[in-house]
Amino acid sequence: MTTKTIKASAAGTFAPVLFAVVLGLGIITLTGHVQASALHDAAHDVRHATGFPCH
């Protein structure tokens, strides 16, 4: 029986980190520019869709 060792490349570990950073900055940027009532309505709709009471 032989065992093969696979090295993790820098690109293989960097891509998920880069994706998370870009996604996080995008969310922060979008929520920073949207009106508060739109955020409230979106959260309200998600709570209803997932079955959580909100009233």
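**Reading a predicted two-helix chain**

Author: In this predicted model, Phe14, Leu18 and Val22 together make a nonpolar surface patch of about 300 Å².

Reader: Where does Phe14 lie, and does Phe14 count as buried or exposed?

Author: Phe14 belongs to helix α1, which covers residues 10–33. The class of a residue is read from its relative accessible area, and exposed means over 50%. Phe14 has a relative accessibility of 51% and therefore counts as exposed.

Reader: What share of the 55 residues in the chain do buried residues make up?

Author: A residue is called buried when its relative accessible area is under 20%. In this chain, buried residues account for 0% of the 55 residues. The chain exposes about 5200 Å², and carbon and sulfur atoms supply 71% of that area.

Reader: What does the secondary structure of the chain come to, and why is the chain described as more spread out than a compact globule?

Author: The chain has two helices and zero strands. Its radius of gyration is 20 Å, whereas the globule rule gives 10 Å for 55 residues; the value is well over the rule, so the chain is more spread out than a compact globule. The C-alpha trace spans about 60 × 30 × 10 Å along its principal axes.

Reader: How should the span of helix α2 be checked, and what phi does Gly51 take just after α2?

Author: The expected span is 1.5 Å times one less than the number of residues. Helix α2 holds 15 residues, 36–50, and should therefore span 21 Å; its end C-alpha atoms are 21 Å apart, in agreement. Just after α2, Gly51 adopts a positive phi of about 90 degrees.

How values were computed
Residues are numbered from 1 along each chain as its sequence is written. This is a predicted model: local features need pLDDT of at least 70, side-chain atom pairs count only at pLDDT 80 or more; totals for chains, interfaces and linings use all residues. Side-chain values use heavy atoms; hydrogens and water are left out. Patches are made of residues with over 30% relative accessible area and no salt bridge: like charges are joined within 9 Å, nonpolar side chains (Val, Leu, Ile, Met, Phe, Trp, Tyr) within 5 Å. Accessible areas come from the Shrake-Rupley method with a 1.4 Å probe; for residues, only the protein chains shown count as cover. A salt bridge is a side-chain nitrogen of Lys or Arg within 4 Å of a carboxyl oxygen of Asp or Glu. Helices (H or I, at least four residues) and strands (E, at least two) are DSSP runs, numbered from the N terminus. Buried means under 20% relative accessible area, exposed over 50%, partly exposed in between (1.4 Å probe, protein chains only). The radius of gyration is taken over C-alpha atoms; the globule rule is 2.2 Å times the number of residues to the power 0.38.
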